[in-house]
Amino acid sequence: MHIILLGAPGTGKGTQSKLISKKYKIPQISTGDILREHIESKNKIGKKIYNILKKGELVSDNIVCDLVYEKIKKANYVKGFLLDGFPRTIQQAKYISNLNIKIHFVFEFIVPDELILKRISGRRTHIQSGRTYHIYFNPPKEEGKDDITKEKLVIREDDKIESIKNRLENYKKNNKKLTEYYLEEKKLKKLKFFQLDGTKKPNIIYKEIEKIIESKN
Ligand code: AP5
């Protein structure tokens, strides 16, 4: 099964990805996590993109598409994958369509800006695994520590207010076309596209996704 998760920053893509990926045993391919791994390892790509992420701008389509393709190849895509945070532009959407991999479901999470700001400002991240927590909505068992490894949780560099504003702006700039693209693909019966209310509790949203997948599969 091949799934795409769309949504503005902080709408819960990462949170739902982890649940779906575990249940359906398909790898989560998160472009944000991949880019942060490159930054952590301070390699050539990492140095090139550090400031782009920090400012909340989008990394170029070429770089991101290449990185996604590499992961898809490694993940043995025939068995399935879940794309989290990709595509983000119409060029990226066309890129994935041109790979001729059947996409089964596209889910988009809708959350108002005000709540997005609350979510991102309280987020704490375990960079090594991509696991996220929230100081109020989803606190770790032990304050400031990842539940599994007990390593330190951090505030992402792009979770500062100026970067968040930029990320939201970039999202809005691209999202209309992206939504139109998937609505058209849906009309042509190439895939199933659902827009979900992302303000509900994570387990409620997850149950809705599960119900859709099980009934349409
Ligand atoms: P990325 O890491 O993908 O960031 P993002 O899209 O901005 O999304 P977030 O990770 O901020 O949020 P999320 O939707 O995953 O929410 P989460 O589950 O964590 O990308 C980072 C950067 O990389 C981009 O800005 C760009 O520069 C670059 N990039 C990435 N992909 C790219 C691409 N394709 N092209 C070009 N550049 C790209 O939840 C947020 C918080 O809310 C957490 O604390 C969580 O615990 C909490 N929460 C989640 N769900 C709920 C809920 N239902 N109720 C209450 N709290 C909740």
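Student: Why are helix 2 and helix 4 called roughly perpendicular to each other?

Tutor: In this predicted model, helix 2 (residues 31–40) and helix 4 pack at an angle of about 100°, and their axes are 11 Å apart. Angles from 65 to 115 degrees count as roughly perpendicular. The value falls in that range, and therefore helix 2 and helix 4 are described as roughly perpendicular.

Student: Which residues make the contact of helix 2 with helix 4?

Tutor: Helix 2 supplies T31, I34, L35, E37 and H38, while helix 4 supplies V64, L67, V68 and K71. By kind, five of these residues are nonpolar, two are polar and two are charged.

Student: What makes helix 4 roughly parallel to helix 5?

Tutor: Helix 4 (residues 61–74) and helix 5 (residues 90–98) pack at about 30°, with 10 Å between their axes. Angles under 35 degrees count as roughly parallel, so helix 4 is roughly parallel to helix 5.

Student: What is the handedness of the crossing of helix 4 and helix 5, left-handed or right-handed?

Tutor: The crossing of helix 4 and helix 5 is right-handed. In helix 4, D61, V64, C65, Y69 and I72 meet Q91, Q92, Y95 and I96 of helix 5. Six residues of this contact are nonpolar, two are polar and one is charged.

Student: Why are helix 6 and helix 7 called oblique to each other?

Tutor: The axes of helix 6 (residues 113–121) and helix 7 (residues 161–187) come within 11 Å and cross at roughly 135°. Roughly perpendicular ends at 115 degrees and roughly antiparallel needs over 145. The crossing of roughly 135° fits neither class, and helix 6 and helix 7 are therefore oblique.

Student: Which residues make that contact between helix 6 and helix 7?

Tutor: D113, I116, L117 and I120 of helix 6 make the contact with I161, I164, R167, L168 and K172 of helix 7. This contact has six nonpolar residues, no polar ones and three charged ones. Helix 6 passes helix 7 in a right-handed crossing.

Student: Which residues come nearest to the ligand?

Tutor: There are 36 residues around the ligand, and T15, E57, R88, R123 and R167 come nearest.

Student: How do you know that Q92 makes a polar contact with the ligand?

Tutor: A polar contact needs a pair of N or O atoms within 3.5 Å. A nitrogen atom of the ligand is 2.9 Å from an N or O atom in the side chain of Q92, so the pair meets the cut-off. Polar backbone atoms also take part: one of G10 is 2.8 Å from an oxygen atom of the ligand, and one of Y133 is 2.7 Å from a ligand oxygen atom.

Student: What kind of peptide bond joins F86 and P87?

Tutor: F86 and P87 are joined by a cis peptide bond, with omega about 0°. P87 lies in the loop between strand 3 (81–84) and helix 5.

Student: What is notable about phi of N100?

Tutor: Phi of N100 is near 60°, a positive value in a residue other than glycine. N100 lies in the loop between helix 5 and strand 4 (105–110).

Notes: Residues numbered from 1 in each chain as written. Predicted model: local features only at pLDDT ≥ 70, side-chain atom pairs only at ≥ 80, totals over all residues. Heavy atoms only, no water. Axes fitted to C-alpha atoms, helices over the stretch in contact; angles between N-to-C directions. Helix = DSSP H or I, 4+ residues; strand = E, 2+ residues; numbered from the N terminus. Left-handed = near helix turned anticlockwise from the far one by under 90°. Contact = heavy atoms within 4.5 Å. Nonpolar A, V, L, I, M, F, W, Y, C, P; charged D, E, K, R; others polar. Near = heavy atom within 4 Å. Polar contact = N/O pair within 3.5 Å; in protein donor to acceptor, adjacent residues only side chain to side chain.
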